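Q: Please take a close look at the largest pocket of this structure and describe what lines it.

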Amino acid sequence: MLQPLLYIGRQASRSDGQARRIAILEATLKLIVAEGIRGVRHRAVASLAQVPLASTTYYFSDIKELIHDALTFHVEKTMAANLALEKQSFAALGDFNAACLKDRSRRAKLVTMLSGFVCEHIKSHAKDREGRLLELAFHEEALRNPALAQAIVALDDAIFGPMMGFFSQIGASAPRALACQMLGLIRLLEYRYTVRPWDEVECQSAVTSLLESQFAAVSS
């Protein structure tokens, strides 16, 4: 599960201040979607958020602070979908283990359930074009900004960790490698279906094929 990320800008102590701070962060995300990271300026954010310019500089002394906290805010809003996939996957696993996966029918049943969860997750993310734009913008900026890179690493670990835990639970000898494969495929297909029409058959085929090969390796 994602550990709370650190906000580095000034916090608000009153409810009206908290609402204004959130409005600033939401406006920042909208600007990033429309213009990219380079479009984030205090004056532009204040105008879009409909707050005084002094409010943005009060809570965020520089643009790096503002971008970092906008990422943190975005992560906290979007982790629910990843958490839902994690819960579904572990619930489907139930009492499955490496021995159970030797049974082809049980293995096929688990693959079918999991591929359905994963494809729905991919489909929902592919529909969220703004989310994908934000994701790409933040990853690019993290290459320039070490503080932002730390937040990206924390987010990646929060997604990667449960995947490793899942493969460990079924007795995989190389859970990290399997998690890398699955996360890589999910991210590839999320981007693929953001820029082209959704293809249910292709997605199901790709995810099912990977799961089958992963589970076969575990059960052999």
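A: In the classes used here, Ala, Val, Leu, Ile, Met, Phe, Trp, Tyr, Cys and Pro count as nonpolar, Asp, Glu, Lys and Arg as charged, and the others, Gly among them, as polar. The model is predicted: local features need pLDDT of at least 70, side-chain atom pairs count only at pLDDT 80 or more, and totals for chains, interfaces and linings use all residues. Residues are numbered from 1 along each chain as its sequence is written, and side-chain values use heavy atoms, with hydrogens and water left out.

A pocket is an open set of points on a 1 Å grid over the protein atoms alone, where a 1.4 Å probe fits, with protein on both sides within 12 Å along at least five of seven lines; lining residues have an atom within 4 Å of a point. Its volume is the space filled by probe spheres set on the points, which are joined across faces, edges and corners.

The largest pocket has a volume of about 600 Å³. Its lining comprises 38 residues, and N82, L85, H121, I159 and M163 are the closest to the centre. By class, 24 residues of this lining are nonpolar, seven are polar and seven are charged.

Helices are DSSP runs (H or I, at least four residues), numbered from the N terminus. Helix 4, helix 5, helix 6, helix 7 and helix 8 each give at least two residues to the lining of the largest pocket. Helix 4 provides the largest share of that lining, with 13 residues.
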